[in-house]
Structure formats: C-alpha cells, structure tokens
Amino acid sequence: MATQCITSRRPFVGLILCFLVCLVNPIARTVHGEDKGGLSQEKLKGVTTLLNNAHDKKQIPGGAALVFRRGHTHTSTVGYRDIEGKALLQPDTLFRIASMSKPITSVAVMMLVEDGKLKVDDSLSKFVPEFKDMKVLVPAKDGKTYVTVKAAREITVHDLLTHSSGITYRLLNKPFVGKMYVDAGICDGLAETDSTLGDNVRKLARLPLVCQPGSAWEYGLNTDVLGHIIEVVSGKSLEEFFRERIFKPLEMNDTYFVLPKEKRTRLAALYMVGADKKLERVGDKPVVLDTVVVSATYPTRDGSKYYSGGAGLVSTIEDYGRFGQMLLNRGELNQVRILKGETVDRMTRNQLGEVRIQFPGNDLMGYGFGILSEMGKEVTKDPSGVGSYGWGGAFGTFFWVDPKNELVGVYMGQTFPPDFTLSTEFKKIVYESLINDKK
C-alpha cells in the first residue's frame with residue numbers, strides 16, 4: 001500500500017496555513033521624502049493609506065511596514081500597539097514574529113554547516129538518538145482508521161530544513177495525530193511551557209510521522225528540532241548562539257526569545273479576531289481553541305528556557321529589515337559576513353524537486369524559505385520577482401527578499417489568526433512604487 005499523507009480537516013487551520021498605513025489621521029506615522037532607492041515616495045503613501053484603512057475598519061489594532069531598496073529604508077506605522085492603553089505603535093515596537101523565527105534558525109543551521117560541524121544529509125538521530133526508529137501513520141484498508149508502518153528511512157537535516165520530515169504541528173490537528181500531540185503535551189512555541197526545547201523534541205520522537213520522510217511538504221515543528229540540533233552541536237542554548245553569531249554582529253539589538261524587563265513596555269498587545277470580526281485582546285491567560293494554544297505572555301515569562309526556533313522570537317521591523325538586508329547582500333551587512341554568498345544561494349533555491357508548497361507568495365521550498373517560481377508567479381500573479389523568497393508568522397508578520405528587484409519588505413501586525421491579505425496588498429503597492437523596476 002502506498003503511503004498517504006495525513007491532511008488537515010479544519011478550515012481554521014487552512015487560514016493559518018494561508019499564513020502557517022494616512023496623512024489626516026494623527027496616529028498614522030510615515031517616513032517619506034523625495035524619491036530614493038528607486039521608489040516613488042508618492043506611491044508609497046499608499047502603504048500608509050492601506051494600513052490606516054484596515055485600522056479604521058478595526059481589522060488591526062495597528063501595523064508597521066518597512067521597505068528597503070538600494071541603500072534607502074522607508075517605514076510606515078499606523079495605529080496602536082495597545083488599544084486599551086492608547087499607546088501608539090512606533091518603528092521600535094516589538095512584535096511576536098512567530099514563524100518568522102524559522103529563517104533565522106535556518107541561517108544558524110547553515111552557519112554550522114559552514115563550520116563543518118554538521119551536514120544537511122546527516123541523520124537526525126546523530127544528534128537526537130530517540131529519532132532512530134520512527135513510525136509513520138497511514139490510512140488503514142477500511143479508510144476510516146489508521147495504522148503505523150516503519151519509516152522507510154531516517155529523517156535528515158535536509159528534511160527538517162524543507163519541512164519534509166513528516167513532523168507536524170498540534171495546531172494543524174491532523175486526524176488522530178493532533179490528539180496524540182495534545183496528549184503528549186507538545187508545545188507549538190506559541191504559549192508558555194515548563195519544558196525545555198530538548199524536552200519537547202524528545203516527546204516528538206515518541207509520536208508517529210504524518211508521512212514518510214522526504215515524500216511530501218508537511219508544515220510542522222521541524223525548525224524547533226533544528227533549534228535543538230544547534231544546541232547539541234554548539235553546546236550553547238539557542239538564545240546564546242543567536243546572540244553571539246547573528247544578533248550582535250547584525251546589530252539586531254531588539255530581537256529576543258525572552259524580553260528584558262526594560263523593553264517590555266514596547267511589546268505590542270496581541271488580539272484575537274473573533275467570529276464577529278471584532279478584535280479581542282488576549283490577556284494573561286492562554287487561549288485554547290481546539291488543539292491550538294496561543295498566549296500573549298510567553299516572551300515575558302522570566303526564567304523560560306523554551307527557545308522555540310520555529311516560533312519563539314520577538315523583533316522589530318527595523319531589526320528584521322537588517323536580517324533581510326544581510327540576505328539580500330548574500331550573507332553580509334556593513335562589512336560583517338554571516339554566511340558565504342554560495343550558502344545563501346543554496347538556501348534560497350528549490351530543494352524539493354517537483355514538490356509544491358502552499359504559502360502566500362511562495363510555491364517552492366528552499367532551506368528555511370519559501371520561494372517564488374516562474375510558474376508560481378504566473379498562477380498567483382504575485383508582483384515580486386521570480387526567485388523572491390520569504391516567510392510569514394501566525395500573528396500577522398510577513399517578509400520577503402527580492403534579489404531581482406533589489407529590495408526587502410517587512411510587515412508586522414499582531415492579530416491571530418493572521419490576515420495575509422494586508423501583506424499581499426502591501427506587496428502590490430511596493431511594486432507599483434518601483435522606478436526602473438525589473439519585474
């Protein structure tokens with residue numbers, strides 16, 4: 001019997017996967033001037049208008065956008081980081097970036113590859129022995145139940161980087177597997193946990209996969225597993241490794257797993273979008289929706305040791321813009337080299353053959369990034385250049401890097417589930433603003 005992948009049956013999850021600003025308005029702030037960086041400043045005002053309209057319609061509490069091109073950065077911020085406290089959203093507002101943590105973790109993995117400390121074809125069990133003999137959940141002959149079969153091969157680092165290992169998310173609630181993840185106390189990285197990253201990864205090793213390793217793209221906790229590999233190989237916590245090898249060199253001084261107390265007043269409040277489309281603030285207690293657990297306070301939990309490589313970071317548009325610029329420069333920023341140019345090229349080209357993924361603006365999968373192909377651009381009418389790459393997060397954050405058009409775009413909001421239509425419209429306005437573009 002051919003192995004079949006377990007598919008999601010929850011429309012709420014589909015919204016996550018389609019995961020994972022106004023001159024007259026006093027709370028709209030934008031940085032514009034004469035045309036710079038090959039961008040029309042007049043047309044870029046449309047970004048402010050877009051976010052301002054979404055704010056006026058109460059779709060978002062506030063939003064921040066950044067565009068970098070040819071040495072010039074343009075930012076727009078609208079609304080509040082805290083509606084109830086009437087605190088305005090600013091360029092230095094901190095956001096929970098959720099799955100936008102994944103590209104950073106993937107870069108860290110490839111730094112260790114460059115160091116010669118691991119290889120992409122290494123087996124996961126080399127670093128976490130509990131993954132030596134995995135099982136795969138497949139439909140039984142009656143079509144109503146499931147059985148387990150032995151994995152055809154071991155999971156590799158390549159599989160984890162491309163989300164093709166068969167590891168899933170509890171929030172995706174795959175049939176049978178979703179309950180197993182809940183019963184095992186698996187954390188998706190979006191809420192507090194007393195576990196360490198290693199504890200959570202070892203729990204995963206006791207659960208079946210949703211498809212054979214390497215057979216399909218299945219979004220999941222792969223990057224958390226990669227984060228633990230980094231800890232094992234480097235002998236440091238993921239936070240320590242990031243701080244020393246990425247954040248300090250790139251001057252990403254506002255990117256953390258656990259925010260220092262003096263910076264917590266800058267953290268945006270998190271809001272849920274209810275069935276009535278109204279915004280409701282997430283308080284100090286986690287919100288549980290079926291298998292989904294979401295918290296607003298996990299980045300401020302003192303003593304937390306769960307550094308989720310797939311979802312745990314907080315950052316600003318300016319910090320993440322610097323990360324994007326490093327990628328656009330093929331691994332270097334301000335004469336500080338993070339990765340070799342050929343490594344960035346490797347990470348940002350298709351690594352899954354004919355397999356297509358489902359993520360806004362992307363249809364191919366690299367190492368930690370979704371990529372836009374020529375076919376994908378034709379089908380989706382995405383305005384970015386072929387070869388653009390990026391990712392988004394469950395709380396409404398999104399970024400992309402477009403080497404062909406020499407630009408980086410970052411959008412950050414703080415609502416769950418996310419509304420990626422804003423990111424899509426933001427993208428359109430950016431490309432309409434290009435002067436001498438190469439689309």
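# A tour from strand β2 to two loops

Begin at the hairpin of β2 and β3, where two residues lie between the strands and Arg-70 takes a positive phi near 50°. The model is a predicted one.

**Strand β2.** Select residues 62-69, which form β2; eight of its eight residues are buried. Which residues lie on each side of β2? Gly-62, Ala-64, Leu-66 and Phe-68 are on one side, Gly-63, Ala-65, Val-67 and Arg-69 are on the other, and both faces are covered. In a regular strand the side chains alternate between the two faces of the sheet.

**The partners of β2.** Add residues 72-82, strand β3, which runs antiparallel to β2 and is joined to it by eight bridges. To see one point along this pairing, pick Gly-63 and look opposite, at Val-78 in β3. Next add strand β19, residues 407-412, which pairs with β2 over six bridges, also in the antiparallel sense. Here Leu-66 has Val-410 of β19 as its bridge partner.

**The nonpolar cores.** Now select Val-107, Phe-131, Ile-167, Phe-242 and Ile-246, the residues with the most contacts inside the largest nonpolar core, which has 103 residues. Helix α3, residues 101-114, gives the most to this core, with eight residues. Centre the view on Phe-131: leaving aside residues up to four places away in sequence, Phe-131 touches Leu-124, Ser-125, Glu-154, Ile-155, Ile-167, Val-201, Leu-204 and Ala-205. Another core, of 21 residues, lies apart from the largest one; Leu-44, Tyr-411, Ile-429 and Val-430 are among its members.

**Helices α3 and α7.** Show α3 together with α7, residues 222-234; their axes come within 10 Å and cross at roughly 35°. The crossing is left-handed. On the α3 side, select Lys-102, Thr-105, Ala-108, Val-109 and Leu-112; on the α7 side, Thr-223, Leu-226, Gly-227, Ile-230 and Val-233. By class, this contact has six nonpolar, three polar and one charged residues.

**Backbone stops.** Go to Phe-416 and Pro-417, which are joined by a cis peptide bond with omega about -5°. Pro-417 sits in the loop between β20 (415-416) and α12 (421-432).

Then move to Phe-176, in the loop between α4 (157-161) and α5 (177-183). Phe-176 is not a glycine, yet its phi is positive, about 70°. Its relative accessibility is 41%, so Phe-176 counts as partly exposed.

The last stop is Asn-334, in the loop between β13 (332-333) and β14 (336-337). Asn-334 has a positive phi near 50°. Is Asn-334 buried or exposed? Asn-334 counts as exposed because its relative accessibility is 53%, and the cut-off for exposed is over 50%.

Terms used: Residues numbered from 1 in each chain as written. Predicted model: local features only at pLDDT ≥ 70, side-chain atom pairs only at ≥ 80, totals over all residues. Heavy atoms only, no water. Buried < 20%, exposed > 50% of the residue type's maximum accessible area, 1.4 Å probe, protein only. Helix = DSSP H or I, 4+ residues; strand = E, 2+ residues; numbered from the N terminus. Pairing = 2+ DSSP bridges. Core = buried A, V, L, I, M, F, W, Y, C linked by side-chain atoms within 4.5 Å. Contact = heavy atoms within 4.5 Å. Axes fitted to C-alpha atoms, helices over the stretch in contact; angles between N-to-C directions. Left-handed = near helix turned anticlockwise from the far one by under 90°. Nonpolar A, V, L, I, M, F, W, Y, C, P; charged D, E, K, R; others polar.
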